[in-house]
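Biologist: I am new to this structure and would be grateful for a close look at one part of it. Please begin with a single pair of rings and then work outwards to what surrounds it.

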Amino acid sequence: MAGKKFCTAVVLAAGQGKRMGAKVAKQYLEIAGRPLLYYSLRAFERSAFMDTVLLVVGDEQQRDYCRKEIADAYGLQKVDTIIVGGKERYDSVWHALCAIQGDMNVPAREGYVFIHDGARPVVTEEILQRCLTAAGQYGACAAAMPVKDTIKLADANGFSKETPRRDLLWAMQTPQVFSFGLIYRAYQKMMDTKAQWMAEGLHITDDAMVLEHFGEQNVKLVEGSYENIKVTTPEDLKIAQMFLEKSS
């Protein structure tokens, strides 16, 4: 692809997935005989424009397992770096960005980073391509979908307080894609001021939010898919399997 910038996928798999109620972390539960995490890694492996994958896991034991039992076992050659993440999601992303800044080659630092939750196994090449196009235009974008339901804002006692306009509401997904320097600087500022924003009660839930609060520009919302679900509960696992079987 002429003029294409280097693309790095950061796949996050350091969470415990407590709401799943399983004895093992949800990213290692099986769908059709393979770990849930495998499917998101496979999507980036098969992508025509993705250059490398950096996987973030919970501990050293998981790092060894992912290298031997997932990356090597299934021939995922683009998974060339596996690191241990931090306590919170944003800590894990920051560890990944620091790894790119410090250890990976220069093209990675001059290209785009695709930050993706490993518990979203139904991400497709079409979603990745739309995100790449938007990143080229705007420098920062995130997969998302318009909400289908009416959303209510509640007061502290659980009573309906306000009804925001549904046509302006989007449910956020991943990947969220950024020019590397843009998201690195925003995360660096966030980590440097962590004591302040934590004291103010700010809760960082995704990477777009980091750029909104600490960055230099807004994030373009790009059509993802209603099938691009995040597996959180046992019911989600069944739904994801159905979507994966349909796509195959």
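Modeller: Phenylalanine 49 and phenylalanine 114 are both buried, where buried means under 20% relative accessible area, exposed means over 50% and partly exposed lies in between, with a 1.4 Å probe and protein chains only. This is a predicted model, in which local features need pLDDT of at least 70, side-chain atom pairs count only at pLDDT 80 or more, and totals for chains, interfaces and linings use all residues. Residues are numbered from 1 along each chain as its sequence is written, and side-chain values use heavy atoms, with hydrogens and water left out.

A search of the whole structure finds eight aromatic pairs. Rings of Phe, Tyr and Trp (its six-membered ring) pair if their centres lie within 6.5 Å, and planes under 30 degrees apart count as stacked, over 60 as edge-to-face and the rest as tilted. Phenylalanine 49 and phenylalanine 114 have ring centres 5.8 Å apart and planes at 40 degrees, so they form a tilted pair. Because phenylalanine 49 sits in the loop between α1 (36-46) and β4 (52-57) while phenylalanine 114 sits in strand β6, this pair ties together parts 65 residues apart in sequence. Here helices (H or I, at least four residues) and strands (E, at least two) are DSSP runs, numbered from the N terminus.

Another tilted pair joins tryptophan 197 and phenylalanine 214, so classed because the centres are 6.3 Å apart and the planes stand at 55 degrees. Tryptophan 197 belongs to helix α7 (residues 194-199) and phenylalanine 214 to helix α8 (residues 207-214), so the parts tied together are 17 residues apart in sequence. Both tryptophan 197 and phenylalanine 214 are buried.

Let us return to α1 and β6. In α1, nine of the 11 residues are buried, leaving the helix mostly covered; Tyr38 and Tyr39 are among those buried. Ring pairs also link Tyr38 and Tyr39 with Tyr74 in a cluster.

Strand β6 (residues 112-117) includes aspartate 117, which is buried at a relative accessible area of 9%. Leaving aside residues up to four places away in sequence, aspartate 117 touches Leu12, Arg89, Thr174 and Lys230, contact being heavy atoms within 4.5 Å. Glycine 118 lies in the loop between β6 and α5 (125-138). With a relative accessibility of 1%, glycine 118 counts as buried. Under the rule that sets aside residues up to four places away in sequence, glycine 118 touches Val11, Leu12, Leu36, Leu37 and Ser40. Leu36, Leu37 and Ser40 are among the buried residues of α1.

Arg89, a contact of aspartate 117, also helps to line the largest cavity, together with Tyr90, Tyr187, Ile204, Thr205, Asp206 and Asp207. A cavity is a set of points, on a 1 Å grid over the protein atoms alone, where a 1.4 Å probe fits but cannot get out, and lining residues have an atom within 4 Å of a point. The search finds one cavity of 30 Å³ or more, and the largest holds about 30 Å³ of space. Grid points are joined across faces, edges and corners, and a volume is the space filled by probe spheres set on the points.

Terms used. On a 1 Å grid over the protein atoms alone, a cavity is a set of points where a 1.4 Å probe fits but cannot get out, and a pocket is an open set with protein on both sides within 12 Å along at least five of seven lines; lining residues have an atom within 4 Å of a point.
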